[in-house]
Amino acid sequence: MGANASNYPHSCSPRVGGNSQAQQTFIGTSSYSQQGYGCESKLYSLDHGHEKPQDKKKRTSGLATLKKKFIKRRKSNRSADHAKQMRELLSGWDVRDVNALVEEYEGTSALKELSLQASLARPEARTLQKDMADLYEYKYCTDVDLIFQETCFPVHRAILAARCPFFKTLLSSSPEYGAEIIMDINTAGIDMPMFSALLHYLYTGEFGMEDSRFQNVDILVQLSEEFGTPNSLDVDMRGLFDYMCYYDVVLSFSSDSELVEAFGGNQNCLDEELKAHKAIISARSPFFRNLLQRRIRTGEEITDRTLRTPTRIILDESIIPKKYAKVILHCMYTDVVDLSVLHCSPTVGSLSEVQALVAGKPNMTRAEEAMELYHIALFLEFNMLAQEKL
């Protein structure tokens, strides 16, 4: 064909001066065709000199052993053979036991799917922070007005006093309901939107507006010096629950006098009042919010304000047992469900407990208490309590 095969690096021609009997180790194949270069396609090779057949066999068997080791290691790294493990587990089982296990697996799978669908269908549980943001925006049950730059900001005395030392001192000088307080702020550069953002921060722990001035360290330092540095929202709300400063509502419970006399109960204990704040219970529960708004429409709220007495809400203990009231209030202020509160005061009676004694029923288990509390949360439309893990 006019081409000399000896000019190519992998020629088919024999080496000059080489040993024609030398043993070779093959490392590749030639791609040159017999028609193009006048010779057969051969394997590329490197000369290794004389080698005995038994040495080649020994080396080949060594490579095969190494390959087996790699394969074995690769298999051991794979996931376990679950089918084999299941067969070994069930090899000595009775058929009825195997059927029972299959039914259990199928039931568990169905429950898992049902739980997933229920989680997708139920409404989102609103957190304390979200409800406090709505409380500031919609002004439920406000009791004091702040006047800043000729703008009125209706707010809640108890929340600002619990969150900010500046407001705690300021509001203590005007204790009457609906007081109007003129704000005089020394920090320079505070306008109406920024003041509103500061109030929003006290309610929620987050600034409600994007303002580059809040990134100014000097402004923040001046504000902290004048207003004080508040704790986290969770800490201050827990303190408000523990001390109930400026409470303006009391929860009391109806009771059956005949059952009380029959079992020697203390009327004062059964009718013990629990203090709370209208702003908190109306923000967390639409049931309480509608109840308080109805009192405003009927004029009952005006009477309480005139007499400067806390609003009294009487609850039917057959629907909302008193022993759960503190758990409910605790969750409203903290977003935490603590069932240990149910058993911390064993001397305090409850109508539901007396009724259980009359019916000869034993004490409720923790699961039964959790289920009853769940239904109460649904009645109050308090989703955080209903969906929180008990």
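**A helix, a sheet and a core**

User: How many residues does helix α4 have, and what span does it reach?
Analyst: Happy to start here: this is a predicted model, where local features need pLDDT of at least 70, side-chain atom pairs count only at pLDDT 80 or more, and totals for chains, interfaces and linings use all residues. Residues are numbered from 1 along each chain as its sequence is written, and side-chain values use heavy atoms, leaving out hydrogens and water. Helices (DSSP runs of H or I, at least four residues) and strands (E, at least two) are numbered from the N terminus. Helix α4 covers residues 95-121, and its span is close to the 39 Å expected at 1.5 Å a residue (1.5 Å times one less than the number of residues); the answer is 27 residues, reaching 39 Å from first C-alpha to last.

User: In what order do the three strands of the open sheet lie?
Analyst: Strands pair if DSSP finds at least two bridges between them. The pairing here is mixed, and the edge strands, β7 (274-276) and β8 (311-316), each pair on one side only. The order is β7-β6-β8.

User: Which residue in β8 is the bridge partner of Phe-253?
Analyst: Strand β6 (residues 249-254) and β8 run parallel, joined by six bridges. In β8, the partner of Phe-253 is Leu-315.

User: Which helix gives the most to the largest nonpolar core?
Analyst: Such a core is a set of buried (under 20% relative accessible area, 1.4 Å probe, protein chains only) Ala, Val, Leu, Ile, Met, Phe, Trp, Tyr and Cys residues joined through side-chain atoms within 4.5 Å. The largest has 72 residues, and Leu-146, Phe-167 and Ile-328 have the most contacts inside it. With seven residues, the top contributor is helix α16 (residues 325-334).

Methods:
Buried < 20%, exposed > 50% of the residue type's maximum accessible area, 1.4 Å probe, protein only.
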